[in-house]
Amino acid sequence: MPNEQLTSRERRRERLDRGIKVRTEGLYALSSWKEMFYLLAPRIVLILGLLVAPFLLDMYWQRVLCAAGIYALLALSFDFLAAYVGLVCLGGSFFIGSGAYISGLLNAKMGWAPFLTIPIATVVGAIVSTLVLLPCLRLRGIYFAITSFMFPLLTVNVIIALNIFGGTEGISALATYPNPWVDQYLILSVVIVSLFTLRRLVNEDMGLILRSIKDNDQAVKASGISILSYKIKAVFIASLIGCFGGAYLSHLYGWVGISQFSLDFSILPIAATVMGGMGTLVGPVIGALILTPLSEALRGFGQLRVVLYCLILIGFIVYKPEGLMNYLQRKYHQFEHWEDV
Amino acid sequence: MDILIYGTVNSVIFALVAVGFTLVYGVSRLPNFAHGALYVLVGFLTWSLVNDFKVFYPLAILISLGISALLGALIYRLILIRLRGLPTSEIIASFAVGLIILEGLRLQGIGGFKGFIGPFYVLPAFIDSKLRIAGVLIDAQRLILIGGGLCVVAALWLFTHYTKTGLSLRAIAQDEQAAMMLGIDSDRAAVISLSIGSALAGLAAVIILPLGNVTAEAGYRVLINALAVCIIGGLGSWAGAVLASFVLGFAMIISTALFGSVWESVVLVGAIILILIFRPSGLLGKQKELEERV
Amino acid sequence: MAVETLLQVKEITKSFGGVQAILRVNLELERGDILGIIGPNGSGKTTMVNLITGFVKPDSGEVLFKGKTITGKPPHKIADLGVTRTFQVMRPYYSLPAFKNLIVPLNSPRIRRTAGGKLGDKDGVAIDILEEIGFERDAYVPYKIASSLPLGYLKRLELARCLALKPEVIICDEIFSGLSMSEISTMIPVIERLQMDGITIIMIEHRLRELFRLVNRIIVLNFGQKLAEGKPEEVMAKPEVKEAYLGTGAGYVGS
């Protein structure tokens, strides 16, 4: 700032934490309703915002909101695995694909209604995904990333090659939801519930153990805990969330196809997570809510949207690696003012 | 005999595709997920130079290899250098670069650019003829491919064993800290390895692509193949990569001959899963790498 | 109390590539023993820890715990039986507060079994253990994020994480290294108290003077082989031990 140099008064920006944090993270001492409100306000805004959104949007954007919900779920599951367990899963679309195909098959072949197929597909899909990832769970870091990245792409090849599950055509004419309100509130409520469940979980003992595994798995072994069993549990939880997204998707569009294994479902959630802030869980949801409409608005430009969100992704990862959420949180919890030195 | 010759061709294809990726990872521990994209990019660049700009074919190849090497260096200088030591970010960022290239090639309607879509892009073979070896009909390009593959591996071996730069790359690969203390610049080594690796991806492209069409989708397949070879052979292990290429190359040709080509990707998945279960360090991985992995 | 052989290592051998890390080493520990393992750098001390605790599988030989073989078991199973270790390169869970570091062992199947399903206030138990080992509760040290703690506390945190598992054997891998004299002198009573509680301890150490205050028996390793065993002063008087420590350089000077 040129003015400051002219006035020869040196100033620095001082940051002060609001006095409601007690020593460790996530523990607050509240002394008034005002402080209570101050803490709860962002949460209330987010929940109410999500719940009111369907009333404010027209048909087209309501659809986009549903898609954003699916991406938000995937981003949540990616963030949970990457930031809290240390498993970077580049194959998020595998969750979507397996959830979608299972519910699609149950609906098409057995004629079961969505309220049955979705829970079954969620659980069975999660079991399938966990089993598929099981051999790679012993691997660390980039090895896990590489193998998880290959599975959805190879599954597509297998489906095409063996011409199973409708081959390249997919399965169409599935049951859809009775009305757009069910569409939206189903996914929104699941997003909100999974978000707050995961936030709770990562601070419970199980979450602490998972974070310890990420920090240092050898010491966890020396503490008499099988890290494989915890990783399996974590992957199962993450794939539950992802497979629900897939099962929901199949009934939203009434169609299941190989495009549900496509890279969109793997890369956009990652971009959303990086943009929103890794490890915050809320950040990825917000990231998905920003990126999905953006990519939708660019649908006319074909592949440009993929290029665009890759650019956003690189921009954030290189220049703002903390992400939006950490940045906003810091600003929200601190007073800032200029002070003479 | 068919199986022997086409198996060898297929194996060399695998090796060519994987050798660049292994080199980069072996030297600087950087997973270059843009590898497949660079491969395809060089294919299209060469095509474009030959057909749109009427450049002499060998010159076109050289120019696109140069561009590829430059891109590799740029990827490191602009992006990866800020992310060293953060594996998650390295993977995501290089993958994003790859996607930008691949999807960018398919962009349509911007500045009159039509996008490289469809099966119209074919690179000419170096020598357009067919030979008969031991009763098997084979075209000259495939023979060139085998020769080219051998040359690349031999050249790399000579480069890393007998040139100063090559030796410094190996030093960095073995012990980064110690090498840095001896005055080897880790960043410079990474830039060199990434540009060589990218150029190798391009070289693989110009040797392999005349056998078929150039399509953007091939980028993903190439990346998957390179990764599969590296996982099976042991990441960063060159001998392992070559061995794994032959295992995969022959496994695929044999399965195609027995069951039909649809089983190719099943074989690939199966091989990876088997390796992960029974020998997580890869065929020639070492104990140290095993500790890193498991 | 009858003397009972708790841990026994028989003819254990391990090589990495061409390097013989450990060659046919035997050792025996009775309940309540405290044993020191010393040796020059690269003599295989840490490999010994890794072999006993299952982090590295031996090429041949056996490790027996309470008469049953534990060779080939995964590390968490061995820890589950009650043989645990600290790490030479400290590995706290940096992103967690110190007391939350102990939540991991407190959630292990071993503790669940002994507590009979009821674990009660784990945070409280964790803070108690930390206080016992020298984390001043009044100064809120147990509540600090592990990454912000100084080295002395981190070493103690390592030990506390072992203690939380209520182990029978603790193997301390160079727990004094990098500490100042005053920090060591506060650690020594902690270890003495552990021994009085009946925990069997193996100490891998470079700081001989401090080690000899604690242990009554030592083993000297050199190039993966057991060079000597016995009372500290007797062992250190042996010429081959002197040579190993001072190196063949002693002979070189002599000639």
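# Exercises on a predicted three-chain model

**Exercise 1. A parallel pair.** Strands β3 (residues 34–38) and β9 (residues 217–222) of chain C pair with each other; find the sense of the pairing and the number of bridges.

*Solution.* This model is predicted.
Step 1: β3(C) and β9(C) pair in the parallel sense.
Step 2: The pairing runs over four bridges.
Step 3: Look at one position. Ile37(C) stands opposite Ile219(C) in β9(C).
Step 4: Recall the general picture. Strands of a sheet pair through backbone hydrogen bonds, either parallel or antiparallel.

**Exercise 2. The whole sheet.** Give the strand order of the six-stranded open sheet in chain C, and explain why β6 and β10 have a free side.

*Solution.*
Step 1: The order is β6-β7-β8-β3-β9-β10, and the pairing is mixed.
Step 2: β6 (83–85) and β10 (225–230) of chain C stand at the edges. Each has a single partner strand, so one side of each lacks a neighbour in the sheet.
Step 3: From one strand to the next, the twist averages 20°.
Step 4: Add the helix. Helix α1 (residues 45–53) of chain C lies across β3, β6, β7 (169–173), β8 (200–204) and β9 of that chain. α1(C) runs at about 150° to β7(C).

**Exercise 3. One residue.** Decide whether Phe65(C) is buried or exposed.

*Solution.*
Step 1: Locate Phe65(C). The residue sits in strand β4 (residues 60–65) of chain C.
Step 2: Count neighbours. There are 21 other C-beta atoms within 10 Å of Phe65(C).
Step 3: Apply the cut-off. A residue is buried if 20 or more lie within 10 Å. Therefore Phe65(C) is buried.
Step 4: Name the contacts. Leaving out residues up to four places away in sequence, Phe65(C) touches Leu7(C), Ile70(C), Leu81(C) and Val83(C).
Step 5: Check one distance. Ile52(C) is 13 residues from Phe65(C) along the chain, and their C-alpha atoms are separated by 9.6 Å.

**Exercise 4. Two helix lengths.** Test the lengths of α12 (residues 282–297) of chain A and α10 (residues 238–259) of chain B against 1.5 Å a residue.

*Solution.*
Step 1: α12(A) has 16 residues, so it should span 22 Å. Its end C-alpha atoms are 23 Å apart, which agrees.
Step 2: α10(B) has 22 residues, with 32 Å expected. The helix reaches 31 Å from first C-alpha to last, close to that value.
Step 3: Find what covers α12(A). Its buried residues include Val285(A), Ile286(A) and Leu289(A). Among the elements covering them are α3 (59–85), α7 (180–203) and α11 (264–276) of chain A.
Step 4: Do likewise for α10(B). Trp238(B), Leu248(B) and Met252(B) are among its buried residues. The buried residues pack against α1 (2–28), α5 (140–162), α9 (218–233) and α11 (264–278) of chain B.
Step 5: Look past the end. Gly260(B) follows α10(B), and its phi is positive, near 100°.

**Exercise 5. An interface.** Describe the side of chain A that touches chain B.

*Solution.*
Step 1: 35 residues of chain A are in contact with 38 residues of chain B.
Step 2: On the chain A side, α6 (141–162), α11 and α13 each give two or more residues. The largest share, 13 residues, comes from α6(A).
Step 3: Sort that side by type: 28 nonpolar, five polar and two charged.

**Exercise 6. Confidence.** Which stretch of chain C has pLDDT below 50?

*Solution.*
Step 1: Chain C has a mean pLDDT of 81, and 93% of its residues reach 70 or more.
Step 2: The stretch is residues 249–255. Beyond near neighbours in sequence, it has one contact in the model.
Step 3: Where pLDDT is low, the predicted coordinates should not be read in detail.
Step 4: The model scores ipTM 0.81 and pTM 0.84.

Terms used:
Residues numbered from 1 in each chain as written. Chains lettered and ligands numbered in written order. Predicted model: local features only at pLDDT ≥ 70, side-chain atom pairs only at ≥ 80, totals over all residues. Buried ≥ 20, exposed ≤ 12 C-beta atoms within 10 Å, placed from the backbone. Contact = placed C-beta atoms within 7 Å. Expected span 1.5 Å × (residues − 1). Pairing = 2+ DSSP bridges. Axes fitted to C-alpha atoms, helices over the stretch in contact; angles between N-to-C directions. Nonpolar A, V, L, I, M, F, W, Y, C, P; charged D, E, K, R; others polar. pLDDT = per-residue confidence, 0-100.
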